Amino acid sequence: MRLKRYIIPTTLLLFAVFFCLIAIPNHLCFKTYCYDLGLYTKAAYDYAHLHVCDSSIAAYNPICILADHFDLWLVLLAPLVLLAGSYALIFAQIVMAIVGAVGMYKLILLYNPTHRTVAYLAMISTLCFFGLWQAIAFDYHSNMCAAMLLPWLLWAVKKRRWAWMATFTLLICIAKETEALWLIFVFAALLIDYWKQPATRRWLLGAMAFSIVYLITITQFVMPSLPGSQNANGWWRYNYMGNNIKDITLWSISHPWQLIQNFFTDFTSVPSSHMGPLKRHCLILLLASGMILLPLKPNYLLMIIPPLMLKWLSKDAGFWGVTFHYNVEFGPIITAGAFIVISRVKKRNQRLISASVLTLCTLLCALHTCVAQEPHSRTENVCVWNKQHYSNPNLYCQSVRRIISLIPPQASV
């Protein structure tokens with residue numbers, strides 16, 4: 001009994017250590033980037049000193065950073081930067097990964113309270129999703145933190161904890177302007193589950209309305225009014241369709257066949273991975289990580305539409321594959337949907353076997369991405385078992401750290 005009591009905290013601690021082994025050596029060895037960790041750390045530092053970051057650390061034509069991505073999590077995390085310096089946002093991501101895993105455990109437990117092992121395996125699957133590992137290895141992004149709140153949002157809706165639902169909705173929205181678009185589809189999917197429950201239906205419709213208003217207000221009025229917004233380049237990846245949401249929507253309606261072709265094919269010239277086209281490679285891993293079960297929970301497929309469209313309709317091929325942070329939103333959706341399906345299996349042994357197989361497949365997919373050769377990939381940034389992970393062959397790290405230590409604390413660098 002005592003062993004069972006400690007197995008969840010021990011598992012979470014082991015994964016926290018593993019994530020630290022991924023992220024911290026990269027930062028110690030100067031393998032993190034100005035885009036985006038440096039820029040966002042500077043923004044949080046400026047917020048802590050009651051200034052708004054102008055992106056001058058990373059741009060020839062500085063703009064208000066909120067004109068590029070409307071990210072208010074950096075305001076919330078600003079005090080942490082004063083305590084932990086340039087490691088603050090790295091630690092924040094790791095903490096949020098653990099928080100999301102606990103949320104997944106509590107969510108799946110609601111569907112099968114008598115079989116905690118399935119919920120425990122869902123927690124492990126959340127922590128083993130390949131998009132999460134890649135996001136932690138690649139700097140900091142607030143949408144990763146927001147994605148880890150999705151299990152808690154689903155938990156709050158099922159438990160009818162409306163104050164918590166409203167809180168999680170707000171926190172996800174303020175992480176990035178596109179997260180509000182994602183939530184519109186999340187609430188649409190949940191309405192299918194809860195339509196016959198009047199109170200829940202009203203709250204979901206209200207939350208969806210809030211997400212719509214927030215998305216329109218921020219993208220159409222607030223961001224365009226900020227200094228330097230004319231130089232913001234957030235839409236350049238989709239400018240073959242238009243330069244704003246209205247133009248892109250009209251192009252999509254008038255060019256449906258081209259839209260479908262671009263969605264499923266690598267439509268710009270880019271080398272393939274060793275497993276073939278980048279999108280096909282990514283799709284195989286998503287299916288193997290649990291998406292293959294979502295047709296049995298089809299409304300959860302709605303939740304995947306926004307991140308998948310933003311990912312695969314981009315003309316930037318770096319979005320298409322399995323590396324970087326562009327897959328992180330899929331993890332909680334796929335894991336939650338797949339384990340809800342598994343929780344419906346009547347026989348206990350079949351539930352356990354299905355959950356174990358899915359967890360193993362998710363882990364194998366994550367390990368595969370650690371060594372997958374794709375354009376832009378840096379496998380040494382994730383492979384904690386490889387000695388190259390703990391060094392930088394292109395830099396004398398000790399010398400650089402010694403030079404940095406000579407900079408006066410009050411200097412502006």
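D193 and K297 form a salt bridge in this predicted model, and their closest N and O atoms are 2.9 Å apart. D193 sits in helix 12, which covers residues 177-194, while K297 belongs to the loop between helix 16 (278-288) and helix 17 (299-312), so the pair ties together parts that are 104 residues apart in sequence. How exposed or buried are the two partners? D193 is partly exposed, with a relative accessible area of 30%. K297, in contrast, is buried at 4%, because buried means under 20% relative accessible area.

**The other salt bridges**

How many salt bridges does a search of the whole structure find? The search finds three. Here they are side by side.

| Salt bridge | Closest N and O atoms |
|---|---|
| D193 and K297 | 2.9 Å |
| K42 and D46 | 2.8 Å |
| R237 and D316 | 3.5 Å |

Let us take R237 and D316 next, a salt bridge with its closest N and O atoms 3.5 Å apart. R237 is found in the loop between helix 13 (198-225) and helix 14 (245-254), and D316 is found in the loop between helix 17 and helix 18 (330-343), so this pair ties together parts that are 79 residues apart in sequence. R237 has a relative accessible area of 19% and is buried. D316 has 22% and counts as partly exposed. Why do these two values fall into separate classes? The reason is the cut-off: under 20% means buried, and partly exposed runs from there up to 50%.

The pair K42 and D46 has a local setting. Both residues lie in helix 2, which spans residues 34-48, and they are four residues apart, about one turn of the helix. Their closest N and O atoms are 2.8 Å apart. K42 is partly exposed at 28% relative accessibility, whereas D46 is buried at 9%.

**Helix 12 beside helix 13**

Helix 12, the home of D193, also packs against helix 13. In general, a pair of packed helices is described by an angle between the axes and a distance between them. For helix 12 and helix 13 the angle is about 160°, and the axes are 9 Å apart. That makes the two helices roughly antiparallel, because angles over 145 degrees count that way. Which hand does the crossing of helix 12 and helix 13 have? The crossing is left-handed. As for the residues of this contact, 18 are nonpolar, three are polar and two are charged.

**Backbone details worth a look**

Helix 2, already met through K42 and D46, also holds D36. The peptide bond that leads from Y35 to D36 is cis, and its omega is near 15°.

Where in the chain does D139 lie? D139 has its place in the loop between helix 8 (130-137) and helix 9 (142-147). The phi of D139 is near 60°, a positive value in a residue other than glycine. D139 is also buried, with a relative accessible area of 2%.

F324 has a positive phi too, about 65°, although F324 is not a glycine. This residue lies in the loop between helix 17 and helix 18, where D316 of the salt bridge with R237 is also found. Is F324 buried or exposed? At 17% relative accessibility, F324 counts as buried.

How values were computed:
Residues are numbered from 1 along each chain as its sequence is written. This is a predicted model: local features need pLDDT of at least 70, side-chain atom pairs count only at pLDDT 80 or more; totals for chains, interfaces and linings use all residues. Side-chain values use heavy atoms; hydrogens and water are left out. A salt bridge is a side-chain nitrogen of Lys or Arg within 4 Å of a carboxyl oxygen of Asp or Glu. Buried means under 20% relative accessible area, exposed over 50%, partly exposed in between (1.4 Å probe, protein chains only). Axes are lines fitted to C-alpha atoms, for helices over the stretch in contact, and angles run from 0 to 180 degrees between N-to-C directions. Angles under 35 degrees count as roughly parallel, over 145 as roughly antiparallel, 65 to 115 as roughly perpendicular and the rest as oblique. A crossing is left-handed if the near helix is turned anticlockwise from the far one by less than a right angle, and right-handed if clockwise. Ala, Val, Leu, Ile, Met, Phe, Trp, Tyr, Cys and Pro count as nonpolar, Asp, Glu, Lys and Arg as charged, and the others, Gly among them, as polar.
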